[in-house]
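Please open the model in a viewer and keep the selection panel at hand. The tour proceeds by selection, one stop at a time.

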Amino acid sequence: MKLRGIGASDGVAYGKVFKLEKVIFEISEEKTTKPEEEIKALKQGMAETEKDIEGIKKRAKEQLSEEEAAIFDAHLEILKDPELMDQTLCLIRQQHYKAAKAFHEISENFAHLFEMMDNAYMKERAADVRDVSRRVLSHILQVSLTDPSDIKEEVIIVADDLTPSDTAQLNKCYAKGFVTQVGGRTSHSAIMARSLEIPAVVGVEEILSKVNAEDYLMIDGLSGEITINPTEEDLKEYHEKKAAYAKKKEQLLTYKDQSTQSQDGYHVELAANIGSVQDLEGVIENGAEGIGLFRTEFLFMGKKQCPDEDLQYEAYKAVLETMGEKPVVIRTLDVGGDKAIDYIHVSEEMNPFLGHRAIRLCLDQEDIFTLQLRALLRASVHGNLKIMFPMIATLDEYRQAKKMLESCQEDLKKEGYQVSDQIEVGIMVEIPSTAVLADQFAKEVDFFSIGTNDLIQYTFAADRINEKVAYLYQPFNPALLRMIKMVIDAAHETGIWTGMCGEMAGNPLAAPVLLGLGLDEFSMSASSILPIRKLMASIKKEDMEHLAQKALQCGTSDEVMTLIKKYIPRGV
Ligand code: PEP
Ligand code: MG
């Protein structure tokens with residue numbers, strides 16, 4: 001059977017289905033006549049859970065980082081909490097509860113207590129207690145849990161959705177690809193799949209009910225096609241596609257150390273988007289000319305508490321030192337929307353993407369923002385740092401953020417720290433109000449980076465992770481192209497540069513139009529850099545200017561697309 005979703009990360013993959021679904025335990029109410037046996041089962045379950053957590057922690061350390069592994073120390077602490085053990089034993093001995101029922105009841109009480117607390121950080125600990133409890137129950141009841149880091153064979157993961165931290169836990173050796181029911185090309189799980197270079201298809205309705213654990217899946221992350229239990233013929237096609245993909249990748253390597261030039265010699269900069277220090281390997285392998293977007297929020301996610309100034313400083317320094325003289329644009333914290341952080345409480349919102357996120361939250365939570373600004377400023381002496389504020393909607397917000405940055409700079413200097421005096425400060429243009437007022441912003445900022453993932457969602461009023469409105473996600477719509485032109489023109493009239501770090505910059509059909517519109521810097525998933533460099537070398541800036549002029553006069557996305565295909569040489 002063939003199904004189609006949204007191709008989210010290029011490449012083909014084949015493997016056994018691994019369903020990542022929440023397990024529902026059946027906990028018997030029956031009492032026991034042999035409490036000692038239940039106590040033995042409980043202790044054994046806890047000992048096995050400890051081994052599990054230690055194993056996951058070790059893998060997290062190897063694949064991710066020390067900080068990311070620290071979350072599992074918290075899990076071990078919960079597991080070893082004497083109160084949890086004593087109260088469970090009490091229920092077994094005095095009330096003759098079975099081990100699973102007793103442990104479930106006590107751990108739920110614990111989780112509840114956390115939930116009732118006023119402090120947002122403590123509230124979030126309830127999820128950790130439940131996580132540990134699930135593991136213990138799975139051992140007592142001998143039910144296996146689905147956990148992405150437990151996978152030991154080559155599989156295709158099928159899930160309703162993967163959170164960014166689920167995606168970060170995937171072991172590339174085994175997770176050959178993934179398919180999700182929800183999400184679009186710019187959901188964060190899709191963006192991370194591209195960073196990890198794992199083929200992915202998202203937005204496949206009801207896929208969980210259409211496949212079983214015995215099934216095999218073949219996925220094409222470019223076309224979005226999924227084949228359940230492929231035939232011999234299908235598999236032949238898979239091997240051909242796989243070989244063609246590998247060959248294409250190899251050929252592209254010849255572009256690795258070249259600068260990016262159009263056929264008529266016009267230079268643009270191709271930079272990479274990263275989410276962690278670990279992503280730098282792909283950046284170097286793919287010959288990026290800089291980092292156009294470091295999404296720092298991943299440093300803050302999956303942790304017990306906010307990373308302190310020194311820890312952040314080390315991460316920023318590592319990126320700056322690795323990149324040497326090349327520019328590194330580090331974006332300040334952008335949480336909220338589809339990115340949640342345990343210790344920053346964001347109350348339930350009807351429209352999280354329109355809510356208290358990114359710079360709005362940072363200007364409100366000055367402690368967290370100050371820590372980050374200080375860490376960035378201290379790191380500035382280790383490379384070519386540019387600081388960027390996300391989700392700026394008004395000039396007042398920018399001025400407020402800039403003022404905080406300047407005051408941090410003064411404090412640091414007074415404390416005897418060295419801070420570079422060459423740091424450019426820019427903003428993401430991802431809200432239509434800012435695009436429209438770009439000429440005014442251009443007088444005060446050092447650069448713009450257009451965030452089309454959000455700019456499209458706000459321009460067309462279409463949630464970027466809702467596949468039902470994915471048809472409105474229209475990078476080629478002339479409305480968007482005109483807005484981009486306004487931003488680029490405003491920047492150039494004032495003598496500043498404009499980049500783009502939304503996914504559109506790495507789209508091979510969009511990049512030629514953007515070249516024609518005069519975009520200076522294109523920042524994308526590292527895996528898109530070489531194909532785009534090759535593409536640029538085959539087109540002329542002058543031709544693309546004509547194309548852009550015509551595109552701006554079109555009425556629909558389809559008309560623009562048809563036009564682009566006429567201008568781009570075949571086979572590129
Ligand atoms: C964007 O909105 O285009 C962007 C690059 O930021 P993010 O995807 O992290 O929201
Ligand atoms: Mg954004």
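The stops below cover a metal site, a bound ligand, a strand residue and the cysteines of this predicted model.

**Stop 1: the magnesium ion**

Select ligand 2, the magnesium ion, together with Glu430 and Asp454, its protein donors. The donor atoms, OE of Glu430 and OD of Asp454, lie 2.0 to 2.1 Å from the ion. Now colour the chain by secondary structure. Glu430 is located in the loop between strand S13 (424-429) and helix H16 (432-436), whereas Asp454 belongs to helix H18 (residues 452-459), so the two donors tie together parts that are 24 residues apart in sequence. Are these two residues buried or exposed? Both Glu430 and Asp454 are buried.

**Stop 2: ligand 1**

Next, select ligand 1 and display the residues around it. The shell comprises 16 residues, and the closest are Arg295, Arg331, Gly451, Asn453 and Arg464. Which element supplies the largest share of this shell? Helix H18 does, with three residues. S10 and H18 each contribute at least two residues.

Three side chains merit individual selection. In Arg295, a side-chain N or O atom is 2.8 Å from an oxygen atom of ligand 1. For Glu430, already selected as a magnesium donor, a polar side-chain atom lies 2.9 Å from a ligand 1 oxygen. The corresponding separation for Asp454, between a side-chain N or O atom and an oxygen of ligand 1, is 3.0 Å. A surface display may be added here: on its own, ligand 1 has 290 Å² of accessible area, and the protein covers 100% of it.

**Stop 3: Gly292 in strand S10**

Move to strand S10 (residues 291-295) and select Gly292 within it. Gly292 has a relative accessible area of 1% and is buried. Beyond its neighbours within four places in sequence, its contacts include Ala271, Ala272, Asn273, Val329, Cys501, Glu521 and Ser523. Met388 is another contact of Gly292; the C-alpha atoms of Gly292 and Met388 are 9.8 Å apart, with these positions 96 residues apart along the chain.

**Stop 4: the cysteines**

Finally, select the cysteines and show their sulfur atoms. How many disulfides are there? The count is zero. Cys362 is in no disulfide, and its nearest cysteine sulfur, that of Cys306, is 9.6 Å away. Cys362 is buried, at 2% relative accessibility. Cys408 is likewise in no disulfide; the sulfur of Cys362 is the nearest, at 12 Å. Cys408 is also buried, with a relative accessible area of 3%.

Terms used. Residues numbered from 1 in each chain as written. Chains lettered and ligands numbered in written order. Predicted model: local features only at pLDDT ≥ 70, side-chain atom pairs only at ≥ 80, totals over all residues. Heavy atoms only, no water. Donors = N, O, S within 2.8 Å, 3.2 Å for Na, K, Ca; no water. Helix = DSSP H or I, 4+ residues; strand = E, 2+ residues; numbered from the N terminus. Buried < 20%, exposed > 50% of the residue type's maximum accessible area, 1.4 Å probe, protein only. Contact = heavy atoms within 4.5 Å. Disulfide = S-S within 2.5 Å. Near = heavy atom within 4 Å. Polar contact = N/O pair within 3.5 Å; in protein donor to acceptor, adjacent residues only side chain to side chain. Areas by Shrake-Rupley, 256 points an atom, 1.4 Å probe, with all protein chains shown as cover.
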